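This report looks at salt bridges between charged side chains. The structure is shown first, and the discussion follows.

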Amino acid sequence: MKFVVANDHGGIDLQPTVCEKLEELGHEVIHLGTYNKESCDYSDFAVKACEKVVNKEADFAILICGTGLGMSMSANKVKGIRAACVSETFSARMSRAHNNANVLCLGARVIGTEVCKMIVEEFATTEFEGGRHQRRVDKICKIEEDN
């Protein structure tokens, strides 16, 4: 699978951990920046990464900022994106299995590198279960269409 990874200045220190774990799992990784600690706006990077997912240039995105919240809020404004802000493995697994999340948002100031690796692995290796969950995801998409 192909993952696009993007971060703001608050997420820059966790970004290498994310990319290395994805590559270790055998995935292709495209990193969109930022590449330094100069203050920047998370929303710019969220949109750039989410557009790659929506346009099928990548299968999934992982976005990193200080808390993961700003990236998540920005990502969920992009039509076709289901972003989950996660800080532990159970939610990472359920975001894929039940919600068919296509974007994972992480907070570099919230989780450490070892928890990050476990979250990324859960997200990257969990398949959407479909079935009754598809109906619920369809309803999320309908809300998006109606609003």
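Is Glu 122 buried, partly exposed or exposed? Glu 122 is partly exposed, with a relative accessible area of 22%. Because the cut-off for buried is under 20%, a value of 22% places Glu 122 in the partly exposed class. The model is a predicted one.

Glu 122 forms a salt bridge with Arg 93, and the closest N and O atoms of the pair are 3.0 Å apart. This contact links distant parts of the chain: Arg 93 belongs to helix 4 (residues 89–97) and Glu 122 to helix 5 (residues 113–125), with their positions 29 residues apart in numbering. Arg 93 is also partly exposed, at a relative accessible area of 29%.

A search of the whole structure finds nine salt bridges. Among them are the three pairs in the table.

| Pair | Closest N to O distance |
|---|---|
| Glu 122 and Arg 93 | 3.0 Å |
| Glu 114 and Lys 117 | 3.1 Å |
| Lys 142 and Asp 146 | 2.8 Å |

Glu 114 and Lys 117 both sit in helix 5, three residues apart, which is about one turn of the helix. Lys 117 is partly exposed, with a relative accessible area of 30%.

Lys 142 and Asp 146 both lie in helix 6 (residues 132–146), and their spacing of four residues is about one turn of the helix. Lys 142 counts as partly exposed at 48% relative accessibility, whereas Asp 146 is exposed at 52%. Elsewhere, salt bridges with shared partners join Lys 21, Glu 24 and Glu 121 into one network.

Definitions and conventions. Residues numbered from 1 in each chain as written. Predicted model: local features only at pLDDT ≥ 70, side-chain atom pairs only at ≥ 80, totals over all residues. Heavy atoms only, no water. Salt bridge = Lys/Arg side-chain N within 4 Å of Asp/Glu carboxyl O. Helix = DSSP H or I, 4+ residues; strand = E, 2+ residues; numbered from the N terminus. Buried < 20%, exposed > 50% of the residue type's maximum accessible area, 1.4 Å probe, protein only.
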